[in-house]
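This report goes through selected contacts of the model displayed here. It takes the nucleic acid first, then the contact between chains, then individual residues and charged pairs.

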Protein chains: 2
Amino acid sequence: MTITQLKYVLAVAEHQNFTKAAEKSFVTQPTLSMQIQKLEDELDILIFDRSKKPIQLTDIGLKIVNQARNIVNEADRIQDIVDQQKGFIGGEFKLGIIPTVTPTLLPMFLNNFIKKYTKVNLKIEELTTETIIEKLVDGHLDAAIAATPLENELIKKRVLYYEPFVGYINENDKLFNNKSLTIEDIDIDDMLLLDDGHCFKNSVINLCRVANPAERNSFQLESGSFETLIKLANEGLGMTLLPYLHTLDLKNAEEKYLREFEDPKPAREISLIFHKSELKMQIIEALQQTISGVIKGAIAFQNVEIISPIANK
Amino acid sequence: MTITQLKYVLAVAEHQNFTKAAEKSFVTQPTLSMQIQKLEDELDILIFDRSKKPIQLTDIGLKIVNQARNIVNEADRIQDIVDQQKGFIGGEFKLGIIPTVTPTLLPMFLNNFIKKYTKVNLKIEELTTETIIEKLVDGHLDAAIAATPLENELIKKRVLYYEPFVGYINENDKLFNNKSLTIEDIDIDDMLLLDDGHCFKNSVINLCRVANPAERNSFQLESGSFETLIKLANEGLGMTLLPYLHTLDLKNAEEKYLREFEDPKPAREISLIFHKSELKMQIIEALQQTISGVIKGAIAFQNVEIISPIANK
DNA sequence: ACTTTACATCAATAAAATCTATTGAATGAC
DNA sequence: GTCATTCAATAGATTTTATTGATGTAAAGT
């Protein structure tokens, strides 16, 4: 049994296809086929059921794949240990970010980071929280920026900042005359929300403490971006909630529609999350430091109440 | 990096000698030397400081060795998974036993076990608790039978039985006339004890609740076996405590010297202990079942108070 | 029936791991 | 100071292994 063989097995398990797995492993298909056969012979079991299309794992194959992932991860950590010893911060690093954070946070720290850590080859992907968790667990992401807490025992977090929700209220709305908001003021039926899949929508619903979000009124508007929500609100179609950082980018004319909550302000917790195995921890810590550095200038300490980003059932 | 290379590194780290490590790995010394050099080149670090005699690990080398042990363990578990799937119980299994358990317990279950699990190649070693813990942690033992609790976070246990302490009291002793004993009756200064290194001695001292065992009286007798202690007690040199199973082997003439404790009887907890990684768990469970089976006929459920086998400081 | 897709098989080759034999450095004995 | 001895490194030969490109085969799609 070799680490190479285990990597081939993982590739086939992932792509459910020998040919594709071979390409991704930068070898020819016979090479991969033969190595996997060799491993199957050595263990005297079948890892894959080749009669099914697409190829399926056998029962024992599933267990072996899980253990193989374990082994390959632990093997990768050797390089991590060496890098750490050398103080070397570099290599490929795959970072996921949720869409409601990207436009405001990414421009704030990205330049700083890539200038400081020139040897890190950062690959950033915008993904939903759901996808991020999947990819963190199976190793396709090294870390991600998302709203927490997540209640996933395989994932650890480092909190980056707490971002209060801010009301955006058109002058036709009765709340426009209030100086500040309380949670009790908020009516989910008047709220313009992001599309399904955005955990920001879950947070807002949780903030409103609606037992069953399916029971919302008939008239609803959902959109994929805060820009659209703001325009809809400007048209008097309802109010909306924005994350604090987003309010910094508003046009002057729009700022008068903003209403902060009273303390403790409802807020979302934005964290750097990563697999509990703590692979590439040096880079994760470098990211944390860079982001914390820039965020301190933008968000002062506030008295906040954290709203969960997880959808109720 | 290959698993073979990691195994070679572990062998050198253990033996602090390339030649011996090569022998134990069943390869020639140049083979091992070159593979280790290759790994060092690949990682661009030195794992061993060859200028020191005997060979020493470098700082980074130590970290790598620890991780290598991790990886090799996880790799071994693949075979475990396969065995489990096939219901195969076999292969080499190294079991440690503490000396105060061996003579009574081993004959009770050994025959049953090797008859039932003919494919297990059982290697049994009699060792002190201290050595057992070391060898469990570094993988030189697969499991062991010892007195618990041990308070070692790397080690898990499955309790096998609770074995009461039984007083063995000569007719010249004033306690001889008591029908039963209480802990308060026991005076550590009158007690014949096993040599240092036996955890049974620690248990007895803990039982007596002596704050500082160094303050014992001048006259002390310590010996390496219960047989000697019994003979010394017969000579009127003091009383002793025996583990219950040992009392079953006494000559008829000696049985009259036995005095049980009142409930809750002080007892030692004997467990099957193993590394938390749970390697070879099928065999460990097979052992547990076999031993539990035979022990049920020998030790009825009793009202006991567990005495710790760990020496006070 | 023909094409496409996908994995297995085979023979050739490139790469590697391992071996035997030898060297060189360090240590200790006389 | 010379001479064994020990121990790891090195060199060269050999064997083993991984990989490749070409080919075969079975199944699914058209």
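## Surroundings of DNA strand D

In this predicted model, 16 residues surround DNA strand D, and those that come nearest are Thr28(A), Thr31(A), Lys38(A), Thr19(B) and Arg50(B). Of the strand D atoms that come within 4 Å of the protein, 75% belong to sugar and phosphate.

Individual atom pairs can be given for both parts of the nucleotide. On the phosphate side, a backbone N or O atom of Thr28(A) lies 2.7 Å from a phosphate oxygen of DNA strand D. The side chain of Asn17(B) also has an N or O atom at 3.3 Å from a phosphate oxygen of this strand. On the base side, the side chain of Gln29(B) places an N or O atom 2.8 Å from a base nitrogen of DNA strand D. Three elements give two or more residues to the surface near strand D: helix 3 (29-43) of chain A, and helix 2 (18-24) and helix 3 (29-43) of chain B. Sorted by class, that surface consists of six nonpolar, eight polar and two charged residues.

## Contact between chain A and chain B

The size of an interface is often given as the accessible area lost when the parts come together. For chain B and chain A the buried area is about 2,100 Å², and carbon and sulfur atoms account for 72% of it. Chain B brings 23 residues to the contact and chain A brings 24 residues.

How many salt bridges does the rule find across the interface of chain B and chain A? There are two salt bridges. Asp44(A) and Lys86(B) meet in a salt bridge through their side chains, at 3.6 Å from N to O. Polar contacts between chain B and chain A amount to 10 residue pairs, counted with both residues at pLDDT 80 or more. On the side of chain B that touches chain A, helix 1 (3-15) and helix 4 (59-86) of chain B each supply at least two residues. Helix 4 of chain B gives the most to this side, with 16 residues. The class composition of the chain B side is 13 nonpolar, five polar and five charged residues.

## Salt bridges

Side chains of opposite charge can pair when their charged atoms come close. Over all chains, a search of the whole structure finds 29 salt bridges. Three pairs that lie within a single chain are listed below.

| Acidic residue | Basic residue | N to O distance |
|---|---|---|
| Glu92(A) | Lys94(A) | 3.9 Å |
| Glu278(B) | Lys156(B) | 2.8 Å |
| Glu285(B) | Arg158(B) | 3.2 Å |

The pair in chain A is part of a network of salt bridges that links Glu92(A), Lys94(A) and Lys123(A). Glu92(A) counts as partly exposed because its relative accessibility is 35%, and Lys94(A) is partly exposed at 27%.

In chain B, the side chains of Glu278(B) and Lys156(B) meet at 2.8 Å, N to O. This pair links distant parts of the chain: Glu278(B) is in the loop between strand 11 (265-275) and helix 11 (281-298) of chain B, Lys156(B) is in strand 6 (residues 155-168) of chain B, and the two are 122 residues apart. The relative accessible area is 29% for Glu278(B), which is therefore partly exposed. Lys156(B), with 37%, is partly exposed too.

The other chain B pair in the table joins Glu285(B) to Arg158(B), with the closest N and O atoms 3.2 Å apart. Glu285(B) lies in helix 11 and Arg158(B) in strand 6 of chain B, so the salt bridge ties together parts that are 127 residues apart in sequence. Glu285(B) is partly exposed at 31% relative accessibility, and Arg158(B) is partly exposed at 25%.

## Two further residues of chain B

Is Lys265(B) buried or exposed? Lys265(B), a residue of strand 11 of chain B, counts as buried because its relative accessibility is 10%, under the 20% limit. Leaving aside residues up to four places away in sequence, Lys265(B) touches Pro164(B), Glu260(B), Gln302(B), Asn303(B), Val304(B) and Glu305(B).

Thr131(B) belongs to helix 6 (residues 129-137) of chain B. With 26% relative accessibility, Thr131(B) counts as partly exposed. Thr131(B) and Leu272(B) are 141 residues apart in sequence, and their C-alpha atoms are 15 Å apart in space.

Definitions and conventions: Residues numbered from 1 in each chain as written. Chains lettered and ligands numbered in written order. Predicted model: local features only at pLDDT ≥ 70, side-chain atom pairs only at ≥ 80, totals over all residues. Heavy atoms only, no water. Near = heavy atom within 4 Å. Polar contact = N/O pair within 3.5 Å; in protein donor to acceptor, adjacent residues only side chain to side chain. Helix = DSSP H or I, 4+ residues; strand = E, 2+ residues; numbered from the N terminus. Nonpolar A, V, L, I, M, F, W, Y, C, P; charged D, E, K, R; others polar. Salt bridge = Lys/Arg side-chain N within 4 Å of Asp/Glu carboxyl O. Buried < 20%, exposed > 50% of the residue type's maximum accessible area, 1.4 Å probe, protein only. Contact = heavy atoms within 4.5 Å. Buried area = accessible area lost by both parts, 1.4 Å probe.
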